[in-house]
Amino acid sequence: MNLKDFIRSIPDYPKKGILFRDITTLIKDEKAFAETVNRIVEKSKKFEFDKVAAIESRGFVFASAVSYILKKPFIMLRKKNKLPADVHSIDFELEYGTATIEVHKDSIEENENVLIIDDLIATGGTAEAAAKLIEMSKGKVAAFIFVINLFDLGGCDTLIKNHYKVENLIEFPGH
Ligand code: AMP
């Protein structure tokens with residue numbers, strides 16, 4: 001199955017110049033969704049980790065299924081002011097704007113290895129912020145797995161340069 005065929009590309013969304021890679025067309029096909037989750041599970045077997053973390057909100061769609069299959073705890077990295085207890089917080093730049101993500105301070109124990117999953121990596125700003133949240137919690141990033149890598153935007157290369165392990169399922173050029 002070619003998962004790429006299930007991604008819809010929408011020009012100039014959410015603003016001019018961005019070619020939006022839409023995963024709703026992948027997850028509405030139950031076979032493509034299951035195949036995607038299974039491929040993430042297969043890739044994850046290369047790494048040793050205690051917990052699965054994902055970035056709100058499309059990361060949650062894939063990562064919660066992976067965590068269920070692997071019987072590993074699931075940690076939500078959420079947008080600002082969504083988590084009710086004490087949080088670590090980090091601001092970062094997006095391909096189209098700025099944002100803040102947070103994690104509960106009691107989500108990750110010291111030295112725990114965390115696999116981070118997201119739907120897509122573009123510039124890598126979100127992924128680096130996610131890694132910082134894990135590290136602020138005194139955990140370690142075991143690896144990143146993305147469904148889609150927009151390779152022209154260099155996020156994946158930056159993560160590798162910074163000694164993170166990265167796996168992707170689908171490659172598209174930049175915009
Ligand atoms: P970045 O921080 O630049 O790597 O952006 C990654 C985040 O923004 C991911 O969580 C994506 O869901 C979203 N994103 C960025 N660019 C796109 C795009 N071209 N199509 C769909 N989602 C995108």
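In this predicted model, Ser107 has a relative accessibility of 15% and therefore counts as buried, since the cut-off for that class is under 20%. Ser107 belongs to the loop between strand E6 (97-104) and E7, and, when residues up to four places away in sequence are not counted, Ser107 touches Lys51, Ile75 and Glu112.

Two further residues, each placed in a regular element, were examined in the same way. Val166 lies in strand E9 and, with a relative accessibility of 16%, also counts as buried. Once its neighbours within four places in sequence are left aside, Val166 is in contact with Phe144, Phe146, Cys156, Leu159 and Ile160. The C-alpha atom of Val166 is separated by 5.9 Å from that of Ile145, although these two residues are 21 residues apart along the chain. Ala127 is placed in helix H4 (residues 125-136), and its relative accessibility of 4% puts Ala127 in the buried class. The contacts of Ala127, again without its neighbours within four places in sequence, are Ile121, Phe144, Phe146 and Leu159. Between the C-alpha atoms of Ala127 and Leu159, which are 32 residues apart along the chain, the separation is 8.1 Å. Phe144, Phe146 and Leu159 thus appear in the contact list of Val166 and are found again in that of Ala127.

The chain as a whole contains five helices and nine strands, and, read from the N terminus on, its elements follow the order β-β-α-α-β-α-β-β-β-β-α-β-α-β. For a chain of 175 residues, a compact globule would have a radius of gyration near 16 Å, and the 15 Å found for this chain agrees with that expectation. Taken along the principal axes, the box filled by the C-alpha atoms is roughly 40 × 35 × 30 Å. Of the 175 residues, 49% are buried. When contacts between residues at least 6 apart in sequence are considered, 58% of them join residues that are at least 24 apart.

The exposed surface of the chain amounts to about 8,900 Å², of which carbon and sulfur atoms supply 49%. The charged side chains comprise 25 positive and 27 negative ones, and the centres of these two sets lie 2 Å apart.

Turning to the interior, the largest nonpolar core holds 28 residues, among which Ile7, Ile40, Phe62, Leu115, Ile117, Ile148 and Ile170 touch the most other members. Two or more residues are given to this core by each of helix H2 (30-44), strand E3 (51-55), helix H3 (58-70), strand E7 (113-121), strand E8 (140-150) and strand E9 (166-172). The greatest share comes from E8, which gives six residues. A second core, separate from this one, has 25 residues and includes Ile90, Phe92, Ile134 and Tyr164. For Leu115, one of the residues that touch the most other members of the largest core, the contacts beyond four places in sequence are Ser44, Phe47, Phe49, Lys51, Val52, Ala53, Ala142, Ala143 and Ile145. Lys51 is therefore a residue touched by Leu115, and Lys51 is also touched by Ser107.The backbone shows several local features, and these were found in loops. A cis peptide bond, with an omega of about -5°, joins Tyr13 and Pro14, and Pro14 is found in the loop between strand E1 (8-11) and strand E2 (19-22). Another cis peptide bond joins Glu56 and Ser57, where omega is about -10°, and Ser57 lies in the loop between E3 and H3. Asp12, which is found in the loop between E1 and E2, has a positive phi of about 60° although Asp12 is not a glycine. The relative accessible area of Asp12 is 42%, so this residue is partly exposed. Asn81 likewise is not a glycine and has a positive phi, of about 65°, and its place is in the loop between strand E4 (74-79) and strand E5 (87-94). With a relative accessible area of 64%, Asn81 is exposed.

Conventions:
Residues numbered from 1 in each chain as written. Predicted model: local features only at pLDDT ≥ 70, side-chain atom pairs only at ≥ 80, totals over all residues. Heavy atoms only, no water. Helix = DSSP H or I, 4+ residues; strand = E, 2+ residues; numbered from the N terminus. Rg over C-alpha atoms; globule rule 2.2 N^0.38 Å. Buried < 20%, exposed > 50% of the residue type's maximum accessible area, 1.4 Å probe, protein only. Contact = heavy atoms within 4.5 Å. Areas by Shrake-Rupley, 256 points an atom, 1.4 Å probe, with all protein chains shown as cover. Lys, Arg positive; Asp, Glu negative; His and termini not counted. Charge placed at Lys NZ, Arg CZ, Asp CG, Glu CD. Core = buried A, V, L, I, M, F, W, Y, C linked by side-chain atoms within 4.5 Å.
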